[in-house]
Amino acid sequence: RPRVLSGIQPTADSFHLGNYLGALRQWVSLQEDFEPFYFIADLHAITVEQDPKVLRERTLVSAAQLVAAGVDPARATIFVQSQVPAHTQAGWVLQCLTGFGEARRMTQFKDKSAKGGEGAASVGLFTYPILQAADILLYRPQYVPVGEDQRQHLELTRDLANRFNHRYKKTFRPPEPYILESTAKIYDLQVPEKQMSKSIGGQGCVWVLDDAKVVAKKFRSAVTDSETEIRFDREAKPGVSNLLSIHSALSGEKIEALESAFEGRGYGDLKSEVADVVLETLTPLRERTRELLEDRTELERILREGAGRAGEVAEATLRDVYDRVGFLPAT
Ligand code: ATP
Ligand code: MG
């Protein structure tokens with residue numbers, strides 16, 4: 001089975017609807033035909049300040065949500081990034097292959113450092129796409145399922161793979177992105193021009209672990225527009241379009257079918273129906289996550305085994321990398 005690899009950061013107490021539709025749901029369906037490696041990206045999480053106790057808890061809660069969403073530890077390797085040191089080691093080698101100007105062009109850095117200004121951002125936030133390239137290349141996957149926001153990073157990963165292969169010897173496999181257009185980007189319910197994001201959170205962010213009442217309220221107060229017509233138009237009607245995308249992604253109904261079903265009805269109807277559709281998926285997911293967190297020994301076992309399996313694959317690639325770069329063997 002061809003390999004796939006993907007990661008998610010433990011940067012909030014819960015994943016959000018965008019993570020579920022843009023990532024987790026794909027992760028589950030890919031395990032049928034692929035050999036998946038899925039990791040909790042705690043090394044990436046510390047590119048912005050994290051409270052140590054909170055980070056540890058979020059890492060476990062993240063793993064619980066993966067399993068609750070249906071990622072099957074018997075078919076998929078689930079692991080914590082920091083428990084496989086090869087990622088950092090390969091990351092350094094790739095940093096030395098990356099041009100400063102090349103790293104500067106990554107737009108996520110500009111977005112994420114915008115708040116405190118570039119000077120306040122960590123160097124880790126600047127170089128994290130390079131670590132991400134190492135995360136991926138160590139496993140030689142064919143596909144990397146990600147949301148639209150990661151397309152540029154994946155392009156960098158391909159460039160670095162080709163550069164290394166060309167400069168030394170064919171070692172890495174340039175991976176392809178696996179992006180489902182319909183769920184590529186879920187937007188914030190309050191600011192529908194911005195993507196829903198863990199680090200922004202707020203009333204416009206629907207958490208997987210939110211109580212039903214909270215979810216319903218967030219949809220009720222979703223920002224729409226001053227018209228009354230329910231139709232998909234990303235430019236002119238970002239709020240309504242986002243609600244239609246979410247509905248369609250979860251109910252499986254086509255956008256056009258939804259537009260005709262909602263003809264002559266108001267925004268209130270749309271919001272409450274979307275909330276219902278969302279809760280049908282999120283409620284069981286939330287309950288399973290809670291159950292898994294009651295006794296953590298099982299989760300810890302899954303992560304220990306995952307780190308073992310991932311470590312074997314990653315270290316084998318790292319040995320090739322070190323050898324080709326010209327490092328003296330350690331033993
Ligand atoms: P942070 O704000 O800390 O960056 P995030 O919400 O962007 O968190 P990540 O951990 O960076 O989440 O990304 C995990 C996965 O979820 C990635 O594959 C990413 O493409 C996807 N993803 C994140 N936000 C969305 C979104 N709004 N819509 C669709 N997919 C998303
Ligand atoms: Mg992100």
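## A walk from ligand 1 to the helices

Start by selecting ligand 1 and Asp-149: an oxygen atom of the ligand sits 2.6 Å from an N or O atom in the Asp-149 side chain. Keep in mind that you're looking at a predicted model.

Stay with ligand 1 and add Gly-147. Here an oxygen atom of the ligand is 2.7 Å from a polar atom, and that atom belongs to the backbone of Gly-147. Now pick Thr-11, where the side chain takes part: one of its N or O atoms is 2.8 Å from an oxygen atom of ligand 1.

Want the wider surroundings? Show the 22 residues that surround ligand 1. The closest are His-16, Lys-112, Asp-149, Lys-198 and Ser-199, so-called neighbours worth labelling.

Next stop, the helices. Select α4, residues 86-95, together with α7, residues 123-137. Their axes are 8 Å apart and the packing angle is about 120°. Angles that are neither under 35 degrees, over 145, nor from 65 to 115 count as oblique, and α4 and α7 are therefore oblique to each other. Turn the view until you can follow the crossing, which is right-handed.

Switch on side chains where these two meet. From α4, show His-87, Thr-88, Ala-90, Gly-91, Leu-94 and Gln-95. On the α7 side, show Thr-127, Ile-130, Leu-131, Ala-133, Ala-134, Asp-135 and Leu-137. Colour this contact of α4 with α7 by class and you'll get seven nonpolar, five polar and one charged residues.

Keep α4 on screen, but swap its partner for α13, residues 297-325. The axes of α4 and α13 are 10 Å apart, at an angle of about 30°. That makes α4 roughly parallel to α13. The crossing of α4 over α13 is left-handed.

Which residues of α4 meet α13? Select Ala-86, Gln-89, Ala-90 and Val-93. Facing them from α13 are Ala-314, Glu-315, Leu-318, Val-321, Tyr-322 and Val-325. The class count for this contact of α4 with α13 is eight nonpolar, one polar and one charged. Ala-90 is a nice one to click on, as it meets α7 and also appears in the contact with α13.

For the last stop, leave α13 in view and bring in α3, residues 52-69. These two pack at about 90°, with 10 Å between their axes, and are therefore roughly perpendicular to each other. Select Leu-60, Ala-63, Ala-64 and Val-67 of α3, then Leu-299, Glu-300, Ile-302 and Leu-303 of α13, to see the contact. In the contact of α3 with α13, seven residues are nonpolar, none is polar and one is charged.

Definitions and conventions
Residues numbered from 1 in each chain as written. Chains lettered and ligands numbered in written order. Predicted model: local features only at pLDDT ≥ 70, side-chain atom pairs only at ≥ 80, totals over all residues. Heavy atoms only, no water. Axes fitted to C-alpha atoms, helices over the stretch in contact; angles between N-to-C directions. Helix = DSSP H or I, 4+ residues; strand = E, 2+ residues; numbered from the N terminus. Left-handed = near helix turned anticlockwise from the far one by under 90°. Contact = heavy atoms within 4.5 Å. Nonpolar A, V, L, I, M, F, W, Y, C, P; charged D, E, K, R; others polar. Near = heavy atom within 4 Å. Polar contact = N/O pair within 3.5 Å; in protein donor to acceptor, adjacent residues only side chain to side chain.
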